[in-house]
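Here's a quick briefing to read with the structure open beside you. Have a look at the fold first, then work through the notes by topic.

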Amino acid sequence: MNTHDFPRAPLGFLPTPIIELTALSKHLSGPRLLMKRDDQTGLAFGGNKTRKLEFLIGEAIQQGCDTVVTGGAAQSNHCRQTAAAAVKYGLECHLALGGEPQADYQGNLLLDDLLNAKIHWEGNLRKGEGMFLLMEKLKTEGKKPYFIPYGGSNPTGSLGYVEAVRELRDQLEEQQISLTHSVFASSSGGTHAGLLVGARIYKQLYRTIGIGIDKRAPGEDPFDEHIRNIANQTLINLKQNPDLTPEDVILYNDYMGEGYGIVGDPEREAIRLLAGLEGIFLDPVYTGRAMAGMIDLIRKGVFSKDDTVLFWHTGGGPALFAYAEEVLLV
Ligand SMILES: Cc1ncc(COP(=O)(O)O)c(C=O)c1O
């Protein structure tokens with residue numbers, strides 16, 4: 001079996017381009033740097049969730065659901081893209097968002113509202129903990145809700161990134177690029193799991209490196225284990241051997257600073273470098289942090305001059321507006 005055997009609801013503008021980050025590479029005296037522009041996937045300002053949602057919404061439609069339920073932080077990119085995908089396929093969208101009702105709608109929250117998402121505020125729970133109650137409530141109201149976990153990270157969503165590896169493989173072959181490393185933000189694990197499974201299935205030899213964004217909550221399973229579980233279940237769904245080992249999950253957890261969504265100097269530097277050298281906007285929570293991690297790894301000499309390192313720009317741009325003050329701090 002491969003990804004084409006699963007229901008899929010088209011949403012993305014694919015394939016996304018690969019660009020050279022020549023000025024950044026020169027500035028850092030680093031390896032050849034490439035960027036895969038998954039911020040340009042085309043659904044409601046783009047981002048990595050487009051690829052996952054093609055398979056999640058495909059499954060929702062196949063199951064005859066009329067509503068989707070998901071959740072996340074108030075500035076969740078995943079929620080914004082889910083709301084847009086729901087609009088496109090005529091589904092009602094309910095979001096369990098962390099925080100209190102806000103007076104000022106900015107960034108992703110503004111877009112959620114424009115997309116007619118029904119917002120349920122969850123106080124200090126920001127990982128969509130309220131989704132389960134919401135599912136039950138909607139069922140009692142006669143709706144047929146489809147459950148999308150935090151970040152869209154489950155074996156169905158991760159198929160999007162298995163397929164992304166096939167897309168990347170074709171581009172690398174066409175453009176005669178020999179990649180040594182692929183680097184990206186890893187937060188709820190679905191992107192990481194899909195990239196690992198894709199590399200396994202399509203026999204890609206480069207190293208797949210996640211930069212951890214978010215600490216695990218007390219009681220949650222360790223993040224590398226969580227990623228491996230999603231990945232192995234994805235392999236099972238694809239009728240492959242679930243043989244990914246702990247060593248296969250490469251995760252740098254040193255870049256979480258003061259915590260999730262707290263913008264520090266490394267994120268500010270990364271955002272300004274990419275804007276000033278390449279004309280590219282990163283986001284303050286995910287890609288800014290992952291890029292800061294990659295820059296640090298370059299400075300520490302983890303990559304050699306002969307390496308070719310590809311950074312997945314996984315989107316998140318709309319959050320920049322909600323974090324303006326933190327990003328502007330000098
Ligand atoms: C912009 C952006 N990049 C990266 C990620 C991390 O992807 P994943 O949750 O699949 O680990 C997210 C997750 O919400 C995101 O919004």
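The notes below cover the domains, the ligand surroundings, some helix pairs and two backbone details.

Keep in mind that this is a predicted model. The domain assignment splits the protein into domain 1 (3-47 + 154-328) and domain 2 (49-152). The ligand sits between the two, because both domains give residues to the shell around it.

**The two domains**

- Taken over C-alpha atoms, the centres of domain 1 and domain 2 are 23 Å apart.
- Where the domains meet, 33 residues of domain 1 are in contact with 31 residues of domain 2.
- On the side of domain 1 that touches domain 2, the elements giving two or more residues are α6 and α11 (319-322).
- Helix α6 has the largest share of that side of domain 1, with five residues.
- Sorted by class, the side of domain 1 that touches domain 2 has 15 nonpolar, 16 polar and two charged residues.

**Around the ligand**

- Which residues come nearest to the ligand? Out of the 20 residues around it, they are Ser-188, Thr-191, Tyr-286, Thr-314 and Gly-316.
- The shell around the ligand gets at least two residues from each of α3 (77-88), β7 (181-186) and α7 (190-201).
- The largest share of the shell is three residues, and α7 supplies it.
- What classes of residue make up the shell? It has 17 polar residues, two nonpolar ones and one charged one.

**Helix α6 against α7**

- Helix α6 (residues 159-174) packs on α7 at an angle of about 45°, and their axes are 7 Å apart.
- That angle is why α6 counts as oblique to α7.
- The crossing of α6 past α7 is right-handed.
- From α6, the contact uses Leu-159, Gly-160, Tyr-161, Val-162, Ala-164, Val-165 and Arg-166.
- From α7, the contact uses Gly-190, Thr-191, Gly-194, Leu-195, Val-197, Gly-198, Ala-199 and Ile-201.
- Thr-191 turns up twice in these notes, since it is part of this helix contact and also one of the residues that come nearest to the ligand.
- By class, the contact of α6 with α7 comes to nine nonpolar, five polar and one charged residues.

**Helix α3 against α4**

- Here α3 packs with helix α4 (residues 107-114) at an angle of about 20°, with 9 Å between their axes.
- So α3 is roughly parallel to α4, as angles under 35 degrees are classed that way.
- Helix α3 passes α4 in a left-handed crossing.
- On the α3 side, the contact is made by Asn-77, Cys-79, Arg-80 and Ala-83.
- Across from them on α4 are Asn-108, Leu-111 and Asp-112.
- The residues of this contact divide into three nonpolar, two polar and two charged.

**Helix α2 against α3**

- How do α2 and α3 pack? Their angle is about 45°, and their axes lie 10 Å apart.
- These two helices, α2 and α3, are therefore oblique to each other.
- Helix α2 passes α3 in a right-handed crossing.
- The α2 residues in the contact are Lys-49, Thr-50, Leu-53 and Ile-57.
- Their partners on α3 are Asn-77, His-78, Gln-81, Thr-82 and Ala-85.
- Asn-77 of α3 is worth finding on screen, as it takes part in the contact with α2 and in the contact with α4.
- The contact of α2 with α3 has three nonpolar, five polar and one charged residues by class.

**Backbone details**

- Leu-14 and Pro-15 are joined by a cis peptide bond, with omega about 0°.
- To find Pro-15, look in the segment before β1 (18-20).
- Ala-44 has a positive phi of about 50°, although it is not a glycine.
- Where is Ala-44? The residue lies in the loop between β2 (32-37) and α2 (49-62).

Conventions
Residues are numbered from 1 along each chain as its sequence is written. This is a predicted model: local features need pLDDT of at least 70, side-chain atom pairs count only at pLDDT 80 or more; totals for chains, interfaces and linings use all residues. A residue is near a molecule or strand if its C-beta atom, placed from the backbone, lies within 6 Å of it. Helices (H or I, at least four residues) and strands (E, at least two) are DSSP runs, numbered from the N terminus. Ala, Val, Leu, Ile, Met, Phe, Trp, Tyr, Cys and Pro count as nonpolar, Asp, Glu, Lys and Arg as charged, and the others, Gly among them, as polar. Domain bounds come from an automatic or database domain assignment. Axes are lines fitted to C-alpha atoms, for helices over the stretch in contact, and angles run from 0 to 180 degrees between N-to-C directions. Angles under 35 degrees count as roughly parallel, over 145 as roughly antiparallel, 65 to 115 as roughly perpendicular and the rest as oblique. A crossing is left-handed if the near helix is turned anticlockwise from the far one by less than a right angle, and right-handed if clockwise. Two residues are in contact if their C-beta atoms, placed from the backbone, lie within 7 Å.
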